[in-house]
Amino acid sequence: VIDPTTLDLLAEVRFSTPADIDSAARTAAAFLEPSWASDALTRSRALRSWSDEVKNHAAELADALVAQTGKTAREAQREVASCASTLEYYSGMARYVGGRAGTLSDGSEAHVVREPAGVAALIVPYNWPAALLIRDLAPALAAGATAVVKPAPQTSPVTLRLIEIGHTSGIPQEAVSVVVGDREVGENLVQHPQVRTVAFTGSTAVGRTIARLAAAQAALKTRK
């Protein structure tokens with residue numbers, strides 16, 4: 001990982017192997033039941049604690065964003081503040097995922113029950129690595145889903161640190177993990193049979209590739 005403004009070496013990160021990706025996705029899938037997906041209070045408390053700890057580590061995280069993205073200190077500070085605010089918001093939403101009930105025209109009753117979709121693959125870009133990660137991750141966790149995160153290689157260290165703060169705040173390690181690498185790692189993650197949803201921010205061309213790969217995997221599951 002290189003500082004884009006000085007070209008100094010900041011860190012060295014190991015790319016995840018196919019075995020790493022498989023382990024992360026299977027661990028996340030296994031953790032969905034029964035405790036995490038059904039315990040809204042635990043999820044709410046963990047997200048609120050994570051928000052508080054992001055505020056406590058704001059200077060550290062902002063410095064890391066400046067070093068790894070080259071953005072200004074003010075912009076980095078705003079990004080960290082956005083993370084804390086988003087986590088706090090979804091800590092409240094976790095308490096009420098809620099369904100719906102009503103009477104149909106024929107007199108029968110219908111009930112809609114919301115359930116977590118499953119393992120979410122989150123592919124996060126380089127330019128707003130913290131804010132865009134938390135934007136997608138916080139609602140997934142609030143709903144009771146689990147996630148595997150694939151950051152841009154250039155911002156892997158700050159992503160790993162942000163997730164580490166989440167783990168120490170009460171987010172189980174099984175609920176969120178990080179895989180590091182390039183396009184091949186992202187494609188392997190999207191195509192993993194345990195992945196049920198994909199969140200991606202990036203170019204149109206890459207988005208189309210991800211959509212094609214995810215659709216092919218979904219079709220395979222349907223045929224099975």
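Leaving aside neighbours within four places in sequence, which residues is Val54 in contact with? In this predicted model, the list runs Leu61, Val80, Cys83, Ala84, Leu87, Leu162 and Ile165. Val54 also turns up among the residues that touch the most other members of the largest nonpolar core, so here's a quick tour of that core and what surrounds it, starting with the overall build.

**Overall build**
- You're looking at nine helices and six strands.
- The radius of gyration is 18 Å, and the globule rule gives 17 Å for 224 residues, so the protein is as compact as a globular protein of that length.
- Measure the C-alpha trace along its principal axes and you get a span of about 70 × 40 × 30 Å.
- Among contacts with a separation of 6 or more, 79% join residues 24 or more positions apart.

**Nonpolar cores**
- The largest core holds 39 residues, and Trp50, Val54, Leu133, Leu137 and Ile171 are the ones touching the most other members.
- At least two residues of this core come from each of α3 (40-56), α4 (58-69), α5 (73-93), β3 (119-123), α6 (129-142), β4 (146-150), α7 (156-168) and β5 (176-178).
- Helix α6 chips in the largest share, with eight residues.
- There's also a second, separate core of 12 residues, including Ala28, Leu32, Val185 and Val195.

**Surface and charge**
- Buried residues account for 42% of the 224.
- The accessible surface is about 11600 Å², with 53% of it belonging to carbon and sulfur atoms.
- On the charge side, there are 22 positive and 23 negative charges, and their mean positions sit 7 Å apart.

Notes
Residues are numbered from 1 along each chain as its sequence is written. This is a predicted model: local features need pLDDT of at least 70, side-chain atom pairs count only at pLDDT 80 or more; totals for chains, interfaces and linings use all residues. Side-chain values use heavy atoms; hydrogens and water are left out. Helices (H or I, at least four residues) and strands (E, at least two) are DSSP runs, numbered from the N terminus. The radius of gyration is taken over C-alpha atoms; the globule rule is 2.2 Å times the number of residues to the power 0.38. Buried means under 20% relative accessible area, exposed over 50%, partly exposed in between (1.4 Å probe, protein chains only). Contact means heavy atoms within 4.5 Å. Accessible areas come from the Shrake-Rupley method with a 1.4 Å probe; for residues, only the protein chains shown count as cover. Lys and Arg count as positive and Asp and Glu as negative; His and the chain ends are not counted. The place of a charge is taken as NZ of Lys, CZ of Arg, CG of Asp or CD of Glu. A nonpolar core is a set of buried Ala, Val, Leu, Ile, Met, Phe, Trp, Tyr and Cys residues joined through side-chain atoms within 4.5 Å.
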